Amino acid sequence: QVQLVESGGGLVQAGGSLTLACEASGRRLNILSMGWHRQGPGLQRELVASVSIEGEANYADSAKGRFTISRDNAKNTLYLQIASLEPEDTAVYFCTAGYHSDHYYPLYWGQGTQVTVSS
């Protein structure tokens, strides 16, 4: 079992930046890829970015350029840096752990952290 706890969300003005963190615990962390999903109001949950054990990152088209995913395996922590925040980034952001095949498949989910961007 893997436990994921997000932090770093909050209310931010448009144009600002934010760094989300996810502390992971449990078995198998050293063989799992990790990622961030988000769900905006009235929208479906979507993958934002994922990162492999080796640190290779992949981004959704909507996240390229402003989002940076990274992981610190020694600290079992995943990060998501968001720059130039837009009101459309308002969402609950979920940390996930899973594996890569043709795509990234999340197996474990955190509870989520709310990010609200004011215009």
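This is a dialogue on reading strands, a disulfide and salt bridges in a predicted model.

User: Where do I begin with the sheet, and in what order do its strands stand?

Analyst: Begin with the general idea. Strands of a sheet pair through backbone hydrogen bonds, either parallel or antiparallel. In this predicted model, four strands form an open sheet in the order β1-β3-β8-β7, and the pairing is antiparallel.

User: Which strands stand at the edges?

Analyst: β1 and β7 (67-72) do. Each has a single partner strand, so one side of each is left without a neighbour in the sheet. From one strand to the next, the twist averages 15°.

User: How many bridges join the strands, going pair by pair?

Analyst: Start at one edge. Strand β1 (residues 2-7) pairs with β3 over six bridges, in the antiparallel sense. β3 is then joined to β8 by six bridges, again antiparallel. At the other edge, β7 and β8 pair over six bridges, also antiparallel.

User: Which residues can I look for to check these pairings?

Analyst: Take one residue pair for each. Q3 has S25 in β3 as its bridge partner. A21 stands opposite Y79 in β8. Y79 is also the bridge partner of S70. Following S70, Y79 and A21 therefore takes you across part of the sheet, from β7 through β8 to β3.

User: What should I know about side chains along a strand?

Analyst: In a regular strand the side chains alternate between the two faces of the sheet.

User: Next, the disulfide. Which cysteines does it join?

Analyst: The structure holds one disulfide. It joins C22 to C95, with an S to S distance of 2.1 Å. C22 lies in strand β3 (residues 18-26) and C95 in strand β9, so the pair ties together parts that are 73 residues apart in sequence.

User: Is the disulfide left-handed or right-handed, and why?

Analyst: Read the torsion about the S-S bond. For C22 and C95 that torsion is about -75°, so the disulfide is left-handed.

User: Are these two cysteines buried or exposed?

Analyst: Look at relative accessibility. C22 counts as buried because its value is 0%. C95 also has 0% relative accessibility and therefore counts as buried.

User: Now the charged side chains. How many salt bridges are there?

Analyst: The count comes to five salt bridges. The cut-off is a side-chain nitrogen of Lys or Arg within 4 Å of a carboxyl oxygen of Asp or Glu.

User: Which partners does R38 have?

Analyst: E46 is one of them; its closest N and O atoms to R38 are 2.7 Å apart. R38 also forms a salt bridge with D89, where the closest N and O atoms are 3.0 Å apart. R38 is in strand β4 (residues 33-39), while D89 is in the loop between β8 (77-82) and β9 (91-100), so this pair links parts of the chain 51 residues apart.

User: How accessible are R38, E46 and D89?

Analyst: R38 is buried, with a relative accessible area of 9%. E46 counts as partly exposed because its relative accessibility is 31%. D89 is buried, as is R38.

User: Which residues belong to the network around R38?

Analyst: Salt bridges that share partners join R38, E46, R66, E86 and D89 into one network.

User: What about K64 and D61: are they buried or exposed?

Analyst: Both K64 and D61 are exposed. They form a salt bridge, and their closest N and O atoms are 3.2 Å apart.

Key:
Residues numbered from 1 in each chain as written. Predicted model: local features only at pLDDT ≥ 70, side-chain atom pairs only at ≥ 80, totals over all residues. Heavy atoms only, no water. Buried < 20%, exposed > 50% of the residue type's maximum accessible area, 1.4 Å probe, protein only. Helix = DSSP H or I, 4+ residues; strand = E, 2+ residues; numbered from the N terminus. Disulfide = S-S within 2.5 Å. Pairing = 2+ DSSP bridges. Axes fitted to C-alpha atoms, helices over the stretch in contact; angles between N-to-C directions.
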